[in-house]
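Subject: Structure handover

Hi,

Here's the structure I said I'd pass on. Have a look at it in your viewer first, then read on for what turned up.

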Amino acid sequence: MFEKRKFKLSLSLTLILITIPILIGLYIRLDDISVWNKHKELYYCDDRPLFTSYDAFYYARWGKEFVEGKYKSGEKDPLRCVPDVCKYPTPVPLLSALGGEVAKIKNSYIENISLWLIPILSVLCVIPIFLYFYRIGLPLTGYASSLVTITSFIYFVRTTIARFDTDALNLFFPFAMALTLLLSFLSLSRKKAYLWLILSGILAQLYWWWYSHPGLILTMILTYTLASLLFYRHLGTKEIFQRTLLLFLASNPVIVFSGIFNLFSLIKIYLINYFHKKVDYFPNIFLSISEAQHYDLSAIATITVGNFWIFLIAILGLLLLVLSRTREFFLLMPILVIGILAISGGNRFSMYLAPFLGAGLGYYLDLIVSQIKKYKLWKTGILAAVLAITFLIPYFNNRSFIYVAHPKITPSIEKGFIQLSKITPQNAWIWTWWDYGTAIQYLANRAVFHDGQSQTTPKTYFVALSYSIDDYVSARNVILGVSSIGAKGIKKLLKSGKSAEQIKNEMIEGKFISNIRNPIFWVFSEDEIGKFPWINYFGTWDFRINEGKKTGFIPLSNCKIVNPVTLKCGRKFISLKTGKIVDEKGLTTIDIKSIVVRKKNKILKKDFPHKSIWNLELIEIKNHKSFFVFLVDDQVLNSMFNKLYLLRKYDNKYFELILDNFPSLVVYKVTSSPH
């Protein structure tokens with residue numbers, strides 16, 4: 001049996017320790033709404049708040065289609081992965097169904113529902129986290145764990161207002177499963193133990209419906225079985241088998257078995273492919289995903305507990321907790337392992353680490369209070385510990401209190417995507433970078449080649465190639481070639497013995513182009529300026545050295561026209577006459593090879609006899625008396641992204657300008673054959 005609790009808390013104090021983190025968690029999330037409402041021009045598109053995650057569009061579209069009766073479980077999704085086939089999930093994701101139904105009842109957009117729904121769901125994790133540690137006699141550990149979790153910056157930014165995403169319950173379900181499994185061990189009667197196991201199975205099925213990653217469910221069941229064999233052999237082999245079988249059946253055998261494949265897939269992605277520059281012969285697109293970027297320990301400390309020294313203290317406390325209370329802690333090991341992945345893998349896993357860092361901090365206080373129980377002031381000690389936790393943890397995680405959630409899309413880009421549905425035919429295919437793939441599906445109801453859930457296929461490499469390449473014919477050939485054979489065709493070519501570089505060269509030559517029935521439109525958006533270094537890194541990939549050029553646009557800010565031949569950017573003066581950038585003292589800092597100006601639909605270029613890699617671009621912003629000013633090298637200057645988007649310099653034989661709403665959106669129609 002588990003050790004008896006060192007001390008009990010009154011019901012009122014227990015409720016207080018659950019309520020405080022919930023209220024603080026709601027406050028730091030919902031207080032952003034007042035800022036959003038005050039500056040609607042930044043955070044709203046007409047009467048719709050802007051989503052704060054890319055995946056929000058993914059779940060929102062399915063929620064919208066679900067309530068409209070258009071969602072077809074298991075059938076081809078016509079808006080994803082063209083020309084290949086991606087299917088609708090079976091069943092519709094729980095988040096989509098929930099958001100869609102609530103929006104229908106409220107007669108509102110899912111965006112408006114996500115303003116308050118996600119914060120409410122996100123704080124529910126406090127309940128199982130606190131109760132788990134409370135049930136093993138560590139209430140202060142549970143309190144600190146729940147408070148660190150709810151205020152940690154990593155969990156906060158992943159559960160902000162309008163972030164219509166699954167992270168809102170991705171801590172709740174595994175901790176709730178662990179709690180019910182724990183209660184099955186604590187139950188004195190077999191009947192109650194079985195009821196808790198059935199409830200755990202129901203939670204497992206809901207978790208699968210919510211997140212569709214059964215790998216963790218499988219590991220939770222395996223951990224329960226191992227805990228039974230290690231610590232509860234007195235139950236007998238037959239009883240352990242019956243309990244494990246009940247849990248397995250209650251969790252749905254189909255889900256559990258699918259967890260095997262899901263687990264192998266996750267291991268391949270996060271523990272094998274994650275560290276490789278190249279995957280399946282093409283550059284590893286996963287390297288560019290922000291949530292998958294690796295953080296050092298200092299950064300992990302900042303986004304979890306707010307301070308590196310507190311982080312170290314928490315780690316030591318956690319080690320002490322695990323070593324001294326191994327049996328009680330054991331059921332939480334699968335969740336902790338995910339959290340530990342943050343140390344060597346993607347930063348997104350840090351949100352799973354935060355509860356355990358909080359537990360490490362709280363464990364010190366539980367030890368202290370248990371030692372002073374024999375003294376009359378031990379209740380005062382509890383109160384002091386609670387107050388210390390309540391004020392110090394939010395103090396160190398104060399970044400979550402001052403940070404305001406930012407949308408992943410601007411009002412002008414969102415309006416542009418809505419307009420896209422009016423200027424393109426229903427059967428149009430949209431060629432663009434993957435980030436806004438789901439946004440285009442949701443707002444424009446148009447099909448895309450890749451999105452945030454399908455960006456790891458070779459198609460993404462070829463999209464990047466089209467952005468970085470330097471001539472119109474090659475770019476058009478790449479687009480039409482991918483439109484003809486898709487990811488499946490590329491895979492077949494690889495199996496036939498062709499190398500990735502051979503496929504690239506033949507794609508550029510136009511060898512794979514066949515009859516394409518769907519009109520194709522190339523969409524450029526303002527956010528791609530900042531993302532271009534990664535796009536260019538993949539697009540300029542050298543298959544011999546497994547490396548690309550991570551070059552892009554170097555912006556010069558605070559630029560003003562001093563006179564017809566002089567531009568001042570911050571403390572730098574740019575001479576449009578001599579092609580030199582000088583500082584305030586007149587000392588040359590950069591020689592310019594050429595200056596390219598786009599103004600009033602005209603492109604002007606002036607060359608200078610300088611041995612330099614740098615070119616200066618001045619791009620007029622429509623309806624504004626201002627310019628974008630960039631330093632670029634030759635490769636970026638000649639890239640299709642620069643020509644078609646910034647300069648709007650195109651060849652009608654290959655690309656027809658459909659919409660010029662620079663800088664928010666520029667749209668071209670790709671000609672199916674030269675005129």
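Below is what was found, going sheet by sheet and then on to a few residues and a pocket.

Before anything else, keep in mind that this is a predicted model.

**The sheet with β7**

I'd start with the open sheet of five strands, ordered β6-β5-β7-β19-β18, with mixed pairing. Its edges are β6 (447-448) and β18 (655-661), each of which pairs on one side only. Inside the sheet, β7 runs antiparallel to β19 (residues 665-670), and six bridges hold that pairing. If you want a spot to check the register, W522 sits opposite Y668 in β19.

Two helices pack on this sheet. Helix α24 (residues 458-468) touches β5 (429-431) and β7, and its direction is at about 70 degrees to that of β7. α25 touches β5, β7, β18 and β19, and in its case the angle with the direction of β7 is about 115 degrees.

I479 is a handy residue for seeing how α25 sits there. It belongs to helix α25, which spans residues 472-495. Is I479 buried or exposed? With a relative accessible area of 0%, I479 is buried, because the cut-off for that is under 20%. Leaving out residues up to four places away in sequence, I479 touches W431, S466, I520, W522, F655 and V670. W522 in that list is the residue that faces Y668 across the β7 and β19 pairing. As for distances, the C-alpha atoms of I479 and L465 are 9.5 Å apart, with their positions 14 residues apart along the chain.

**Just after β7**

Next stop is D527, in the loop that runs between β7 (520-525) and α27 (528-539). D527 has 18% relative accessibility, so it counts as buried, though the cut-off is 20%. What does the side chain of D527 make a polar contact with? The partner is the side chain of K531, at 2.5 Å. Beyond its neighbours within four places in sequence, D527 is in contact with I413 and Y436.

**The other five-stranded sheet**

There is another open sheet of five strands, in the order β8-β17-β16-β14-β15, and here too the pairing is mixed. The edge strands, each paired on one side only, are β8 (554-555) and β15 (602-607). Within it, β14 (residues 594-599) and β16 (residues 615-620) pair in the parallel sense over five bridges. S594 is the residue opposite N615 in β16. As a reminder, strands of a sheet pair through backbone hydrogen bonds, whether parallel or antiparallel.

**Two hairpins in a row**

The stretch from β9 to β11 is a nice one to trace by eye. Strand β9 (residues 559-563) and strand β10 (residues 566-569) run antiparallel and are joined by four bridges. The hairpin between β9 and β10 goes through two residues, and N563 has T566 in β10 as its bridge partner.

β10 then pairs with strand β11 (residues 572-575), again antiparallel and over four bridges. Here L567 stands opposite I574 in β11. Which residue takes a positive phi in the hairpin of β10 and β11? That is G570, with phi near 65 degrees, in a hairpin that has two residues between the strands.

**F231, at the end of α12**

F231 lies in helix α12, which covers residues 214-231. At 24% relative accessibility, F231 counts as partly exposed, because that value falls between the 20% and 50% cut-offs. Not counting residues up to four places away in sequence, F231 touches T326, R327 and F330. F231 and F330 are 99 residues apart along the chain, and their C-alpha atoms are separated by 9.8 Å.

**A pocket**

Last, something you may want to load into your own tools: the second largest pocket holds about 420 Å³ of space. It is lined by 23 residues, and R61, K64, E65, E68 and Y442 are the closest to its centre. The elements giving two or more residues to that lining are α4 (55-68), α5 (94-106) and α23 (437-444). Which of them gives the most? It's α4, with six residues.

Cheers

Methods: Residues numbered from 1 in each chain as written. Predicted model: local features only at pLDDT ≥ 70, side-chain atom pairs only at ≥ 80, totals over all residues. Heavy atoms only, no water. Buried < 20%, exposed > 50% of the residue type's maximum accessible area, 1.4 Å probe, protein only. Polar contact = N/O pair within 3.5 Å; in protein donor to acceptor, adjacent residues only side chain to side chain. Contact = heavy atoms within 4.5 Å. Pairing = 2+ DSSP bridges. Axes fitted to C-alpha atoms, helices over the stretch in contact; angles between N-to-C directions. 1 Å grid on protein atoms, 1.4 Å probe; cavity = no way out; pocket = protein on both sides within 12 Å on 5 of 7 lines; lining within 4 Å. Points joined across faces, edges and corners; volume = space filled by probe spheres on them.
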